[in-house]
Amino acid sequence: MNFFEKEKWLTLSKKRRWFLLRKEYQKLADNLSDEALWTSLNNKVLALQNDFDRHSTRLLSLHNILVKKKNTAQLNILILFLDRLLEHSPMESDFLITQQDRSTKSETLFPLIVVLENIRSAFNVGTILRTADCLNLKEIHFVGYTPTPDHPQVMKTSLGAQDSVVWHHFDTLSDSIAVLKSHQVMTVALETAKNSLSLREFQWSQPTALILGNERFGLNESSLEQCDQVITIPTYGIKNSLNVGHAFAIAGYELQRQWELSIE
Ligand SMILES: C[S@@+](CC[C@H](N)C(=O)[O-])C[C@H]1O[C@@H](n2cnc3c(N)ncnc32)[C@H](O)[C@@H]1O
């Protein structure tokens, strides 16, 4: 950066500089060994050292750590810092290190089926798909108006997991339950209902379907009546329910732990 370029850089507003730096750091995320980008970023960040405000000082220090570490984790910290300064909500996908994903999965499927009845949010469905892939579970039933894995918002949140899980769509919960029963699958509603069993007391005994309900209304009486069992995740604060995606992750991993113990 020559004298004139440096002067021009320093005449920009702080917000504009943060914006341009964020853009360059984002480019660096695609190629951490781009020497021209490193040189440009070094020049731009070092030029800020006479600013003496706390944001520039912090930026400089984060940049110096990045120069030493040259890794994605530190780069993400820097990008998040700039996002906060720019008041952007970072996209979840900005932080995913997808290179560490596997191209194949274990052939031993966890014999759990998750049934999603009238889930409204594509974001929640994407989250559930991702957890379902991590659990390597058998399949997912999408019931009613629950957005299916071909929905663009679902694809965005599940980050590829939508292609790894077997799924079917059913118009009603009864249709899904009829198929499950014909395959001797136990149907368990996950709901904050009275007289339900605590997740901690439930004992895995056979292939099971976990039925989850709508974010606002949960599963209604008639849906609960169709299930063999109702289980609840105990809560101890002022809220009695969790986000549906979180509830699934907690219950899914607990059931997987129990299943693994049962086959040992
Ligand atoms: C946010 S909840 C629905 C609202 C909930 N029925 C209520 O009003 O308290 C959405 C779904 O998440 C699951 N869920 C959330 N928290 C739960 C908990 N503590 N125990 C069991 N299921 C839960 C259930 O499947 C529920 O249908």
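**View 1. Strands E1 and E6 in register.** In this predicted model, Val115 stands opposite Ile211 in strand E6. A further facing pair is formed by Leu112, which stands opposite Thr208 in E6. E6 comprises residues 208-212, and five bridges join this strand to E1. The two strands run parallel. E1 itself spans residues 110-117, and six of its eight residues are buried, so that the strand is mostly covered.

**View 2. The enclosure of strand E6.** Because five of the five residues of E6 are buried, this strand is largely enclosed by the rest of the structure. The burial extends to both faces of E6. Thr208, Leu210 and Leu212 lie on one side, Ala209 and Ile211 lie on the other, and all of these residues are buried. A residue is counted as buried here if 20 or more other C-beta atoms lie within 10 Å of its own.

**View 3. Strand E4 beside strand E6.** Besides its bridges to E1, E6 pairs with strand E4, which is made up of residues 186-190. Four bridges connect E4 and E6, and the pairing is in the parallel sense. Within this pairing, Val188 stands opposite Leu210 in E6. Leu210 is one of the buried residues of E6, on the side that also carries Thr208 and Leu212.

**View 4. Strand E2 and the crossover from E1.** E1 also pairs with strand E2, residues 137-143, in the parallel sense. Six bridges are found between E1 and E2. Val114 stands opposite Ile140 in E2. Between the two strands, the chain leaves E1, passes through helix H6 (residues 122-135) and reaches E2. This β-α-β crossover is right-handed.

**View 5. The packing of helices H2 and H3.** Two packed helices are described by the angle between their axes and the distance between the axes. Helix H2 covers residues 14-30 and helix H3 covers residues 35-46. Their axes are 10 Å apart, and the helices pack at an angle of about 150°. Angles over 145 degrees count as roughly antiparallel, and H2 and H3 are therefore roughly antiparallel to each other. The crossing in which H2 passes H3 is left-handed.

**View 6. The two assigned domains.** According to the domain assignment, the protein chain holds domain 1 (3-98) and domain 2 (101-263). The centres of domain 1 and domain 2, taken over C-alpha atoms, are separated by 41 Å.

Key
Residues numbered from 1 in each chain as written. Predicted model: local features only at pLDDT ≥ 70, side-chain atom pairs only at ≥ 80, totals over all residues. Buried ≥ 20, exposed ≤ 12 C-beta atoms within 10 Å, placed from the backbone. Pairing = 2+ DSSP bridges. Right-handed = clockwise from strand over helix to strand, strands pointing away. Domains from an automatic or database assignment. Axes fitted to C-alpha atoms, helices over the stretch in contact; angles between N-to-C directions. Parallel < 35°, antiparallel > 145°, perpendicular 65-115°, else oblique. Left-handed = near helix turned anticlockwise from the far one by under 90°.
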